[in-house]
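Work through the exercises below with the model open. Try each task before you read its solution.

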Amino acid sequence: MSTDRSARVEDRLFYNRYLLDPGHPHIKVRPHTMPSSELVSMLTTCPAHCYVANDKHQIEVAVDGCIECGTCRVICEERGDIEWSYPRGGYGVLFKFG
Amino acid sequence: MRATGSQDRTRRDLVTAETFDIIVVGAGMAGNAAALTLAKHGLKVLQLERGEYPGSKNVQGAILYADMLEALVANFRQDAPLERHLVEQRFWMMDDRSHTGLHYRSDDFNEERPNRYTIIRAQFDRWFSQKVREAGATVLCETTATELMQDANGKVVGVRTDRADGEIHAGAVVLAEGVNGLLGTRAGVRKRPTPDTVALAVKEMHFLPREVIEARFNLKGDEGLVIEAAGTISRGMTGMGFIYTNKECISLGIGCLVAHFTSTGETPYGLLDRFKRHPSVAPLIEGSEVKEYAAHLIPEGGFKAIPQLYGEGWVVVGDAAQLNNAMHREGSNLAMTSGRLAAEAIIQVKSRGAPMTATNLSIYKTMLDHSFVIRDLRKYKDMPALMHTYSRNFFLTYPELVSESMQNFLRVDGTPKAEKEKQSLNSFVKSRSWSGLLGDAVRLARAWR
Ligand SMILES: Cc1cc2nc3c(=O)[nH]c(=O)nc-3n(C[C@H](O)[C@H](O)[C@H](O)COP(=O)(O)OP(=O)(O)OC[C@H]3O[C@@H](n4cnc5c(N)ncnc54)[C@H](O)[C@@H]3O)c2cc1C
Ligand code: SF4
């Protein structure tokens, strides 16, 4: 189920243009042993499927496909689960239509 | 790949060495309206935009409201990248297999100066920004403002940016940073949006030949049509789908309250797929080529979520101030109007030679209170809470009941009509009970009033 879902999102992200900024992830997940329910909800709520669970059931984020919507910031930042910033100027997703 | 050549560097140094009257953070609808108005009045304006070009980070449906733009660029119809002027609006209430629709179409909308257009934001914002530059503002792209600089008394005196030596001073800062603005929240002048005050919308651009779009939607020339859809497509969450026609593509998307996403575990792209597969929607986009997948937040908190709008050396405009009318799906016009009014307030203070204090800048709020922006939002102040609390009734139960009644009404099977009506009524009462129905009706009427 989840592989099927992520494959479909990745196909979608493939339409988009990005300027990646390697080594400068704009979102970081705070190290944890047990993820909060908010963090777990990002597995389904992130529209770019950037959040994934590793084999220890911790949540990780890969920002390459991020469309900078801010949803994870709204859900998780207040609790301190994540650190959220915009990418450096000019980097990140670049909409042609928007 | 990236413009970091020497030309860019020289320009950057020049900019940071200069002093400006006003810094506008953001080159979206609100920021452009503010920067344009300020520059036209001869103020020295610096506008910062984090995108590669204005519009590269922005997402909208998108309907443009002509009046609010006309107040800024009177002859915009001459060269703005407009897609189609709208002649028809459809509202759909959907269940999983059908929709009940209300359509309004009028040839009156084929007027010389149409009232509403569809646009493509990435293109429109570039054009708008060009007008800002022509008016004399300095527009610096690829620059993210990271922090508001405050003096010992807490007065905002400029911004820090992510460029090396990127501190820039100004007499006041206009925060036009959009729904997810970081600066205001980091400086503590505004709260971060909460899951129950913002919706997450996902959107795709579907390309089709012009003739196909015109045939499928019954349009000719530059006529356009929009569909707003609510119902079981949002799986009981507060949300709406939309389909807007452009010249050679269709903007299609769906948005739901963030708090409802986290509680239902629905995925945004799953909802989008289901909307696209719906038998009423699928034939409209059949054979299209998708060229972009975008997502963005929409302020949905309404009047009660509006933050403090001004302070020592700053004002906040547009989505960053939650100035968005979710009931009418209007945002860009509130953004443009608030940006313009904030600029006019600053111009007034400046022309008196007075300092940019909170007291002096408070005229911005007075002006906004008298405008349609706050008056409309105040009218619907109780709507968000109603829609968000009773979302399952309004977005699941009623659409299903309406469809059932319509089908019951339309199928001719020898059942006497009086019996059919009774059946439909019984379904409503069974699902919601008399008191439930009455309660919803009263709540809706109160909030709408
Ligand atoms: C899917 C969708 C459909 C919509 N449909 C409609 C519609 O049909 N009609 C309508 O009127 N409204 C619609 N809206 C709402 C409308 O898009 C917004 O209300 C409007 O764009 C708000 O304008 P703004 O200038 O406040 O913010 P934005 O347009 O979001 O602009 C903010 C700008 O600030 C920049 N920025 C942010 N932070 C920084 C920083 N730190 N440094 C530098 N730059 C920064 C961003 O890159 C961006 O360019 C829709 C919204 C969505 C998401
Ligand atoms: S900002 Fe949006 S797209 Fe990016 S990781 Fe967060 S939820 Fe996903």
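**Exercise 1. Place B:A62 in its loop and describe the peptide bond that leads to it.**

Solution. Start with the location. B:A62 sits in the loop between β2 (45-48) and β3 of chain B. Helices (H or I, at least four residues) and strands (E, at least two) are DSSP runs, numbered from the N terminus. Next, take the bond. The peptide bond from B:G61 to B:A62 is cis, with omega near 15°.

Some ground rules apply throughout. This is a predicted model in which local features need pLDDT of at least 70 and side-chain atom pairs pLDDT 80 or more, while totals for chains, interfaces and linings use all residues. Residues are numbered from 1 along each chain as its sequence is written, chains are lettered from A and ligands numbered from 1 in the order written, and side-chain values use heavy atoms, without hydrogens and water.

**Exercise 2. Describe the surroundings of ligand 1.**

Solution. Step one: find the site. Ligand 1 lies between chains A and B. Step two: list the neighbours, meaning residues with a heavy atom within 4 Å. There are 40 residues around ligand 1, and B:E49, B:I63, B:R121, B:D319 and B:S332 come nearest. By class, the shell holds 18 nonpolar, 14 polar and 8 charged residues. Here Ala, Val, Leu, Ile, Met, Phe, Trp, Tyr, Cys and Pro count as nonpolar, Asp, Glu, Lys and Arg as charged, and the others, Gly among them, as polar.

Step three: look for polar contacts, pairs of N or O atoms within 3.5 Å. A polar side-chain atom of B:D319 is 2.7 Å from an oxygen atom of ligand 1. The backbone takes part too: a polar backbone atom of B:A30 lies 2.8 Å from an oxygen atom of the ligand. At B:G61, a polar backbone atom is 3.1 Å from a nitrogen atom of ligand 1.

Step four: check the burial. Alone, ligand 1 exposes 990 Å², and the protein buries 97% of that (Shrake-Rupley method, 1.4 Å probe).

**Exercise 3. How do α16(B) and α17(B) cross?**

Solution. Fit the axes to C-alpha atoms over the stretch in contact, with angles from 0 to 180 degrees between N-to-C directions. The axes of α16 (residues 417-432) and α17 (residues 434-448) of chain B come within 6 Å and cross at roughly 85°. The two helices are therefore roughly perpendicular (65 to 115 degrees). Now list the contacts, heavy atoms within 4.5 Å. B:L425, B:F428, B:V429 and B:R432 of α16(B) meet B:W434, B:G436, B:L437, B:D440 and B:R443 of α17(B). These residues divide into 5 nonpolar, 1 polar and 3 charged.

**Exercise 4. Where is B:R235, and what is its phi?**

Solution. B:R235 belongs to the loop between β12 (223-231) and β13 of chain B. Its phi is positive, about 50°, although B:R235 is not a glycine.

Methods: A polar contact is a pair of N or O atoms within 3.5 Å; within protein, one must be able to donate a hydrogen and the other to accept it, and residues adjacent in sequence count only if both atoms are side-chain atoms. Angles under 35 degrees count as roughly parallel, over 145 as roughly antiparallel, 65 to 115 as roughly perpendicular and the rest as oblique.
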